[in-house]
Amino acid sequence: DAKDKAASSGRPKRVRKTTTNYVPEEETKKEMIIPDGKGEKLGEMPNVVQKFGDVTWSTPCLKSLYYIVFGVGKKAEFKKHLLQFNGFNFSEEKEEAELEKVTQKIYKLKLDQLKEIMDLCDIDRSMDSFEEKKNPDKDMLSTRFLEWLQEPKASGKKLKKASAKRKSSSSSAAAAKAPKKKSPPKKAKKEASKPKKKKQTAKPADDDEEEVNIPGVSTDKIRSKIQSIVANADKDSVTVKDVRKKLEDWLDMDLLEYKNSIRTLVMDAM
């Protein structure tokens with residue numbers, strides 16, 4: 001019958017294979033390696049640690065500082081990574097290009113933003129700390145900030161105690177509750193008061209136009225040429241160095257000593 005034919009056919013019986021359930025491997029988080037620089041770690045500077053404690057992940061100056069140092073990152077890791085930072089550590093062949101990128105990030109900041117970041121890092125920006133002994137402009141502050149990023153150092157300022165703030169706030173609250181004494185009526189002045197002269201407020205240094213003292217060519221011509229170069233270039237990829245090189249070809253001279261002034265004009269054009 002049919003069963004005998006199937007048995008005599010000589011075909012081996014099929015062995016059923018056992019199945020194993022697929023278990024995905026857990027992804028291991030890669031911890032960022034902070035390069036070892038030449039300066040002090042921010043986490044070892046008491047003033048910086050205290051200032052970091054006064055800001056949150058979403059504070060703009062903290063986010064801007066992280067972007068300048070490390071680029072884009074996660075908010076939860078901003079403080080952790082920055083407190084381990086102790087200066088840039090670029091290889092010799094990449095140092096100039098990498099520092100140029102950092103410089104461009106700094107110059108894209110507004111003056112108020114730059115001051116906030118420097119205060120967060122406890123960097124001295126007082127007038128007396130500069131050789132010129134004048135109110136520092138954006139170029140002076142940017143140069144100092146870049147130098148500090150290459151080799152961070154504690155300012156040495158005395159750490160302000162948080163308890164002092166609480167004490168002053170409590171005393172001010174007590175003063176507000178205390179009844180105010182009525183001041184005696186002021187006597188009428190016999191002579192008519194002279195009109196007060198309005199104080200002339202000095203324009204901030206960053207509003208002044210940048211002057212480039214290149215022999216044989218005016219600042220206006222340099223500014224016009226830079227605007228033309230930037231207008232015809234890719235603004236996302238063009239660097240200050242690229243513009244300076246084109247200016248050197250145009251003038252047939254080395255402009256390295258004028259790089260700071262040229263950088264300011266390029267940033268204005270961008």
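This dialogue walks through the helices, one pocket and two backbone angles of a predicted model.

Biologist: Start with the fold. How many helices and strands does the protein chain have?

Modeller: Count the elements, then read their order. This is a predicted model. The protein chain has 11 helices and zero strands. From the N terminus on, the order is α-α-α-α-α-α-α-α-α-α-α.

Biologist: What share of the residues of the protein chain counts as buried?

Modeller: Buried means under 20% relative accessible area. By that cut-off, 29% of the 270 residues are buried.

Biologist: Now helix packing. At what angle do α10 and α11 pack, and how far apart are their axes?

Modeller: Take the angle and the axis distance together. For α10 (240-251) and α11 (259-269), the angle is about 110° and the axes lie 10 Å apart.

Biologist: Why are α10 and α11 called roughly perpendicular?

Modeller: Angles of 65 to 115 degrees count as roughly perpendicular. The angle of about 110° falls under that label, so α10 and α11 are roughly perpendicular to each other. The crossing is right-handed.

Biologist: On to pockets. How much space lies in the second largest pocket?

Modeller: Read the volume, then the lining. The volume is about 340 Å³. The lining has 17 residues, and Glu100, Thr103, Leu146, Lys259 and Arg263 are the closest to the pocket's centre.

Biologist: Which elements give two or more residues to that lining?

Modeller: They are α5 (92-107), α7 (138-150), α10 and α11. The packed pair α10 and α11 thus appears again here. The top contributor is α5, with seven residues.

Biologist: How do the lining residues of the second largest pocket divide by chemistry?

Modeller: Sort them into three classes. Five are nonpolar, five are polar and seven are charged.

Biologist: Last, backbone angles. Which residue other than glycine has a positive phi near 60°?

Modeller: Look at the angle, then the place, then the exposure. Asp122 has that phi. Asp122 sits in the loop between α6 (111-120) and α7.

Biologist: Is Asp122 buried or exposed?

Modeller: Apply the cut-off of under 20% for buried. Asp122 is at 8% relative accessibility, so Asp122 counts as buried.

Biologist: And Lys133? What is its phi, and where is it found?

Modeller: Lys133 is not a glycine, yet its phi is positive, at about 55°. Lys133 lies in the loop between α6 and α7.

Biologist: Is Lys133 buried or exposed?

Modeller: Exposed means over 50% relative accessible area. Lys133 has 51%, so Lys133 is exposed. Asp122, by contrast, counts as buried.

Methods
Residues are numbered from 1 along each chain as its sequence is written. This is a predicted model: local features need pLDDT of at least 70, side-chain atom pairs count only at pLDDT 80 or more; totals for chains, interfaces and linings use all residues. Side-chain values use heavy atoms; hydrogens and water are left out. On a 1 Å grid over the protein atoms alone, a cavity is a set of points where a 1.4 Å probe fits but cannot get out, and a pocket is an open set with protein on both sides within 12 Å along at least five of seven lines; lining residues have an atom within 4 Å of a point. Grid points are joined across faces, edges and corners, and a volume is the space filled by probe spheres set on the points. Helices (H or I, at least four residues) and strands (E, at least two) are DSSP runs, numbered from the N terminus. Ala, Val, Leu, Ile, Met, Phe, Trp, Tyr, Cys and Pro count as nonpolar, Asp, Glu, Lys and Arg as charged, and the others, Gly among them, as polar. Buried means under 20% relative accessible area, exposed over 50%, partly exposed in between (1.4 Å probe, protein chains only). Axes are lines fitted to C-alpha atoms, for helices over the stretch in contact, and angles run from 0 to 180 degrees between N-to-C directions. Angles under 35 degrees count as roughly parallel, over 145 as roughly antiparallel, 65 to 115 as roughly perpendicular and the rest as oblique. A crossing is left-handed if the near helix is turned anticlockwise from the far one by less than a right angle, and right-handed if clockwise.
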